[in-house]
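Colleague: Could you walk me through this one before I go back to the bench? I'd like to talk about the cavities and then the domains.

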Amino acid sequence: MESISVFEIIKVGIGPSSSHTMGPWNAASAFIRIIKRERSIAEVKEVFLEFFGSLAKTGIGHGTDIAGMLGLNGEDFKTINTSKIDEMVETIKREQILNLGGEKKIPFIYGHHLVLNMKESLDFHPNGMIFKAIFEDGTELVQDFYSVGGGFIASQEKNSIEKQCVRTLYPCHHGKDIVKYCEKLGFKKVSDLILINEESWRTQEETRAEALYIWQQIKECIYKGVNKEGILPGGLNVSRRAAGINRKLLGEDKIYKNKDEWFQMVVDAEENFTNINKWIACFALAVNEENAAFGRIITAPTNGASGVIPAVLMYSQAFTPFTSEDDIARFLLVAGEIGTLFKKNATISAAMGGCQAEVGVSSAMAAAGLTEILGGSIGQVLMAAEIAMEHHLGLTCDPIKGLVQIPCIERNTMGAMKAITAANIALESDPAKARVTLDEVIQTMWETALSMNDRFKETSEGGLAIAVNVPEC
């Protein structure tokens, strides 16, 4: 089994969906690379892109079509000016021209060259898409892709597209492997083991630097979210709430100039149970409101669940004594490693497993990371992850109108609170007396995913998505 770096699970992304936005965007970029490898961009006459299954059914709400166009246009979601996205897409549609790979302008008619096929699904995975390039000499290049969660893509031929297969020194594919190797090496902290395994990709110093970079991106995202008012795009008329909560908790007269001044005010604000609870919700709302508005966020492990880990990590930095850079790095290392276990043994795609695969997994990740820095043992870290997931089992994905807004945004606040509760319970428990292991709950989550009706797997054909009648705008 292939090893996965924690920074493939926790990484910079763009809203509103990792599987429906980042995945198609990555697929489009990969298709450009395939064209360059097989022929050249200059030889391409036309390109066609067809989305199937869940990608088609909820594609407009998730910006799947936008991701496909911008990816083919040679844009990178990690660096693109997110405030210019609407303008770029409108230009492509109006001029009916695509600058393929940023190198050659070709005809591109939305609805002809890009199609959302809501009647068919591809067998390999619910999030399927097919790219086709027609060259000047009439020959064709066709490639299928599947967005398998967290921005990861695959094809029927390859489970992981264009990725080097890596095997770490101490491969941890199950929770029991973490226990085994920590005991073998005499480690008292899970993060010590993960830090060594991450050397398969980078040095320990680079790993710590990447973790601190992720932390700064988290702070930046939350800061943006708590300072933006208004209505989220998409037609549901969902109001942003994080900014209002932030003002009430800090006081209307508080003035700050940057994210560091704001963060210090949060740290210095009155601490009581109600206020801390509201701050945690505020942090999560801020991130997911940014995500819903095509903002740049931290995917952890998906965009729909991108508010949980930031909220819990921010909680630890604002309201606990464990605030060192080492604590931040250890939190993210352990959280990311727990995410890899779910990806390898179950799924982190809502189209495959419902929201348990997104908010549920992120809650388990955050619980483990928090337990690690609060002084939990190896067993307690795994126990915290198990508790958090246990109480998300069966959670469906039923977004109203296919948007990552209702119930997705609020679910992140609940996932964050469950993570903190799970950590506190684990810290007061003896893992040796636990009747359910993390590996067992991961297996149960996968079995639940396989049994779940497709109407509750990000198709907007069941649950709240149809219970609430929202006219198309």
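Modeller: One term before the cavities: Ala, Val, Leu, Ile, Met, Phe, Trp, Tyr, Cys and Pro count as nonpolar, Asp, Glu, Lys and Arg as charged, and the others, Gly among them, as polar. Please also keep in mind that this is a predicted model.

Colleague: OK, so by class, what lines the second largest cavity?

Modeller: Its lining has five nonpolar, three polar and three charged residues, and the space in this second largest cavity is about 70 Å³.

Colleague: Which residues line it?

Modeller: Among them are Ser3, Ile4, Trp201, Glu337 and Lys344. The elements that give two or more residues to that lining are α8 (190-197) and α14 (325-345).

Colleague: And the largest cavity, how much space lies in there?

Modeller: About 150 Å³, with 17 residues lining the largest cavity, of which Gly304, Glu358, Cys397, Val404 and Cys408 lie nearest its centre. By class, that lining has nine nonpolar, four polar and four charged residues.

Colleague: Switching topic, what does the domain assignment give?

Modeller: It gives domain 1 (20-147) and domain 2 (175-467), whose centres, taken over C-alpha atoms, are separated by 31 Å. Their contact takes 19 residues from domain 1 and 16 residues from domain 2.

Colleague: How much area is buried between domain 1 and domain 2?

Modeller: About 1,300 Å², with carbon and sulfur atoms giving 59% of that. On the domain 1 side, Met22, Lys57 and His62 lose the most area to domain 2, together 30% of what that side buries.

Colleague: How many salt bridges are counted between domain 1 and domain 2?

Modeller: The count is one. The side chains of Lys57 and Glu461 meet in a salt bridge, at 3.1 Å from N to O.

Key
Residues numbered from 1 in each chain as written. Predicted model: local features only at pLDDT ≥ 70, side-chain atom pairs only at ≥ 80, totals over all residues. Heavy atoms only, no water. 1 Å grid on protein atoms, 1.4 Å probe; cavity = no way out; pocket = protein on both sides within 12 Å on 5 of 7 lines; lining within 4 Å. Points joined across faces, edges and corners; volume = space filled by probe spheres on them. Helix = DSSP H or I, 4+ residues; strand = E, 2+ residues; numbered from the N terminus. Domains from an automatic or database assignment. Contact = heavy atoms within 4.5 Å. Buried area = accessible area lost by both parts, 1.4 Å probe. Salt bridge = Lys/Arg side-chain N within 4 Å of Asp/Glu carboxyl O.
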